[in-house]
Amino acid sequence: MFYREVGQFKTNYAADQAIFPIRQDRIGLALILLVAFIVIPLFGGEFLIASVMIPFLVLALAAIGLNILVGYTGLISLGAAAFMGVGAYACYKLSTIFPEVNIVVWIVASGFVSAAVGVLFGLPSLRIKGFYLAIATLAAQFFLQWCFQRVPWLYNYNTSGAIEVPTHTLFGVPVTGASATPVTRYYVVLTIVVGMTWVAANLVHGRIGRNWMAVRDMDIAAQLMGIRLLPAKLLAFAVSSFYVGVAGALMVFMWLGAAEPEAFNINQSFILLFMVIIGGLGSLIGSFLGAALIHILPIIVRMVPDALGIPIGAATVEHLTFIITGAMIIFFLVVEPHGLARLWAIAKQKLRVWPFPY
Amino acid sequence: MLRKTLFAMLATTTLAAPAAVRAEDSIFVPLFTYRTGAFGGSGTPIADGMHDYLSMLNERDGGIGGVKLAIEECETGYDTKKGLECYEAVKPKGPVVVNPWSTGITLSLIPKAAVDKIPILSMAYGLSASAQGDTFPWVFNPPDTYWDGMSMILKYIGAQAGGLDKLKGKKIGYIYLDAGFGKEPLPFLDQLAKDYGFETKLYPVAAAEMQNQSAQWLNVRRDRPDYMIMYGWGALQPTAIKEAVKIGYPMEKFISIWWPSEADAKGAGEGAVGFKTLNWHAANADFPVIKDIQKLVVEKGKSQSPKEAVGTVLYNRGVYNSMLIAEAIRNAQKLTGKKAVNGEDVRRGFETMNVDAARLKELGMDGFTGAFKLTCADHNGHRPTFVQRFDGTKYVKVSDWIEPMTDKVMPLLEADAKAYAEKNAGWPKRTEACDAK
Amino acid sequence: MSERETLLSVSNVSLSFGGVKAISDVSFNIAKGEIRAIIGPNGAGKTSMLNVINGFYHPQQGQISFNGVMRKRMKPYEAASQGIARTFQNVALFKGMSTLDNILAGRALKMHKSFFWQMFRYGPALDEEIEHRKFCEEIIDFLEIEHIRKAPVGSLPYGLQKRVELGRALAMEPTLLLLDEPMAGMNLEEKQDMSRFIIDVNQHYGTTVALIEHDIGVVMDLSDRIVVLEYGHKIADGTPDEVKSDQKVIDAYLGVAH
Amino acid sequence: MMHLLYQIFIDPFVQMAGAPDLLVQTLWEGFVGGMLYALIALGFVLIFKASGVFNFAQGIMMVFAALTMVGLYEKGVPAPLALLLAIGVMYLLAVAVERLILRPLVNQPDIMLFMATFGLTYVLIGVGELIFGGSPKEVPTAQLGLPKGAYDIHAFGGLVSLQKIDIAAALIASIMVAALAVFFQKTRIGRALRAVADDHQAALSVGISLNQIWVIVWFTAGVVALATGIMWGARSDVSFSLQVIALKALPVLILGGFTSVPGAIVGGLIIGIGEKLGEFYWGPLVGGGIDSWLAYAIALAFLLFKPEGLFGEKIIERI
């Protein structure tokens, strides 16, 4: 009824090669952006913006990065959090060495450092395949975390051993540090995330994305199409680490405000992998859905007893959150093994033919 | 459409979260706790102690100054991200103080405190430099910093060896959690090593390897340090004690900062007898205040704590922490004449805190801990501590009160506070007035 | 046929895995513009031969020259860039992608616009994308698969998958097209369609075709020349008529013991 | 520069020769640690062989099993009975996993099953903490009949101290491995298991119930997990942070190949001994604490030379 492409004729390939060829999708996207850019900052409470939306966007960006590697190129990674750390530490170093340069520039630039480290740890991927590759990323995870702990230069010899975020301004408005309002930080995060998502969408829908997916689906055939495996995989490592690194810089500068190396531990890596798989491998929208489910579901679970006035201890709620999150993961896998993105696609398909069942 | 439901979900969270209205007839005290996660073992008794003391005040006195305390626990799991979420969740309810109970969370909150006007109490943890009230008017970390702790351990070792000058040529081993907390004393230790001519041996333990320390202790066996100092947390501590027993390290020469509990030492059995830690409060239940808690809270089933845990080291640590909160609130009421005080008032309450012997007696804490006083400049107190020795079931005080080497600690604190303000460009100058009496 | 120029020649190639000999001392050539068939019983080394030709396996002995260039070892993507394309015995499509994307993936070597433009899908990158889409649409028209253009290939019936795979190979505009059992598992009608496509490709685009096929009838009708392998050895080489009357071939196919 | 090279390439060996008792002690510690890693990996291999599941939950199963046993003991159940009950709980867990995870997800790609075991990990953490609390628990070693104390051997120019509990751990690990080998080779169920490992379809066609096999395999892995948890718990404590150590089984597995029982043992020993030697002799050069990543680096180095693991089957790519 509302979601129907009948009557939308494409008269040229340009229109049909667009990323959103269907009009309703474009309208939906515009609506979402409208809500994200205007409605939420206007009407959202501080908790929604600071503790729900900013973390959600940051995690979604990291999930997109990881999805490029795991979902689009089929290379498993258990070390994503360490690359978030590389981004965060790079941004910290760059912004203290050159404090006069705008912080947003450094946040984005820190992605390049992360990309370089990603390529380095991606090199074994030529020889090592499948789950075996997980070991290279695990080595990265533990080694990099050790470096954050052990190389005092990285944290500017702070006695606390942590990196702390001073106030930086953008056009005179503080964007980091405690005096930056959540709304300002939200706008910076949102703008970067939307921009980078757009770029990711362009990449995966074009030649580069097709090459990655070809490597993922059938690497032998891809080689015989003239796709060189190592450059394709390394490019995936680089782009993926870039995204994850920027997400890491955003996490520390826009969300946490200070970070110890523990913020980039193995659990964080696993959680990112959750998001990607639950959301849907090889789907950008899935990365958002996965981040939403994994980050927001526990928040809601924690609020339910409070809202219903049931007196439960904070720890019990936490235990229940673990159980429910775990059960939901299994439940979603059983219901739709291809992730939330596939559920979304099925829902769209149903809408397209509604009210008829087929 | 899933996207829409998502936003519907988000909308509900906004509505549900900040019940921004604060009742005028109560004072909101959130307690950040961690009963879960890798450090849950240490976190649980602390959480119980904090909670039970405040509940006891509600039961016995009807709160503080006639105003009930609204106590709310928020579970952080010792995770910075969850801690920040807790902070954002409690902020709209007007907390008068937050206790992050994690160095990571504390570091994230320090810059926010001045902006949100919520004082931070990080009792003997967090950022040592925050003891400097001139730089950090909103942060309080009594009664000692980790540097104070290190200086007192060394003083004790010196006394054992027959004077600090006898440390010359000795080897002192330092086993620590390879995180900010464990690394913080390193520059101080270096300096002391230079001053007194002893040699240090470092044994870092990564958080992920807490229960896998045999390599570190093999190194200890090789290096044969004359004394061992430990800055550990969670499962690091019992494992270290067991490994020390295993290699036959003389327990009497193994001294820890104030975090190990009875349970940490018990696991190693007889071998752990002689293990020592610093402490600044009693580790038993023989005080009126603890009796009140037992009578009014624990025995009425209003506590999550097992009965036998009341009076243990970490439980009492929690009680001490809550006593600080309560005293700050009471001071704030006195200063402002208001009943329902807010964060700004409580900050002033902390700065004017003066718990002398008489006050301790009133509190039912006579002999529980030493008198102390905070000022606008000194948010720590740098109080003396004593050494307690594990006798197989409990800790027994074995030394007199040991004063920290304030002369050596203060310059470092000052320099560090200055460095913090410099590195965090635009760090606000103190504008808060001082209520010095 | 002999007046035609040789496109590829295989000389004295031997290949073994561990101790097992897959190909022993085989030589033959493929002339420009012909349809060349490789036949033989199961396990005769036919697929291994194709793998050697496009660089996926490296023979222990022997040489291969393509377009007059000798080579001993080369990487599969180098073979691809020299103009060798192929299809696979067990369809090796990119299962997670649509028909159109699979065929576009075949254009990988022809698309060069930089990462920078790709990021914004603008300017040269977009022009390129549309230009190649046009090219792929021609292939789609040619193979009569317009209706499944946007369908994920994993869900297509086998016969169509084979066709898409052919399309993907054609997208490379190959000089030499290797087809590994293009008609396996097809019904008569599908086989006829596929044969028609192969002949059309050969005649319209002038593409040289080398194919492996079990259906002797189809092979005899399609091909200009045939190589017969058995247990890794070449036992016959010639026109369909010559091969048909060769005693060794008859023995091999009827299973007469040597 | 020369000094650095000396410190890396010569000094450690001088130390080894200079104090052979410490070397032997280090090797022993590595051996015991390696055995325990191998046991964790073994539980994993069992499951991977029979159901093709990359069981991420093996680590938490170890914690959960040991926690159940110790938790029951603390609640007043006699230790041997608590042990039996814990075994019973692992059986129930195996049945639940088969019903709720494996059956509905059969024939899904490996990564989905891998993810499902992530979900299982979360559920087990939540349930475990909810019932038994988050505090570390002590293993009642005496009540379980495990020995205490140490044998001090004066040899190698010094003292080598072998903890009895470590000897017991090594013995129990060897017995379990031997028992599993007999189980696989000699019993009907064992043969069925191998059949399933080789080919699901073939196993089905000769009338072996996959569901039953899965339950047995998960149960066996659960028992192995229980043993590992108790042994490791006796060395430190049973707590949730043990789960992180279980990650060390990953390099072991990767080194040994996912499907090889001897691979798990050899891999475990290489990793265990390698990381102890590395930390003890080379760690001090960079300030120590390198055992957090050394195991992964060792496995990575091996993999670069043998990409399919030491005992994995050589992959011949076909098209």
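1. Let's start at the end of a helix: A:Gly257 sits just after α10(A) and has a positive phi of about 85°. Keep in mind that this is a predicted model.

2. Now the helix itself. α10 of chain A covers residues 229–256, 28 residues in total, and spans 38 Å from first C-alpha to last, close to the 40 Å expected at 1.5 Å a residue. Still, α10(A) has a kink of about 30°, with A:Leu250 at its centre.

3. Is α10(A) mostly enclosed or mostly open? The rest of the structure largely encloses α10(A), because 24 of its 28 residues are buried.

4. Over to chain B and its sheet. Seven strands form an open sheet with mixed pairing, in the order β6-β5-β7-β8-β9-β12-β13. The edges are taken by β6 and β13 (395–397) of chain B; each has a single partner strand, so one side of each lacks a neighbour in the sheet. On average, neighbouring strands here are turned by 30° against each other, ignoring direction.

5. A closer look at one edge: β12 (residues 386–390) and β13 of chain B run antiparallel and are joined by three bridges. Across from B:Val396 in β13(B) you'll find B:Arg389.

6. Last, the contact between chains B and D, which draws 30 residues from chain B and 29 residues from chain D. On the chain B side, α2 (40–61), β6 (199–205), α8 (214–223) and α9 (236–246) each give at least two residues. The largest share, five residues, is from α8(B). Sorted by class, that side of chain B has twelve nonpolar, twelve polar and six charged residues.

Note on methods. Residues are numbered from 1 along each chain as its sequence is written. Chains are lettered from A and ligands numbered from 1 in the order in which they are written. This is a predicted model: local features need pLDDT of at least 70, side-chain atom pairs count only at pLDDT 80 or more; totals for chains, interfaces and linings use all residues. Two residues are in contact if their C-beta atoms, placed from the backbone, lie within 7 Å. Helices (H or I, at least four residues) and strands (E, at least two) are DSSP runs, numbered from the N terminus. Ala, Val, Leu, Ile, Met, Phe, Trp, Tyr, Cys and Pro count as nonpolar, Asp, Glu, Lys and Arg as charged, and the others, Gly among them, as polar. The expected span of a helix is 1.5 Å times one less than its number of residues. The bend at a residue is the angle between axes fitted to the seven residues ending there and the seven starting there. A residue is buried if 20 or more other C-beta atoms lie within 10 Å of its own, exposed if 12 or fewer, and partly exposed in between; C-beta atoms are placed from the backbone. Two strands pair if DSSP finds at least two bridges between them. Axes are lines fitted to C-alpha atoms, for helices over the stretch in contact, and angles run from 0 to 180 degrees between N-to-C directions.
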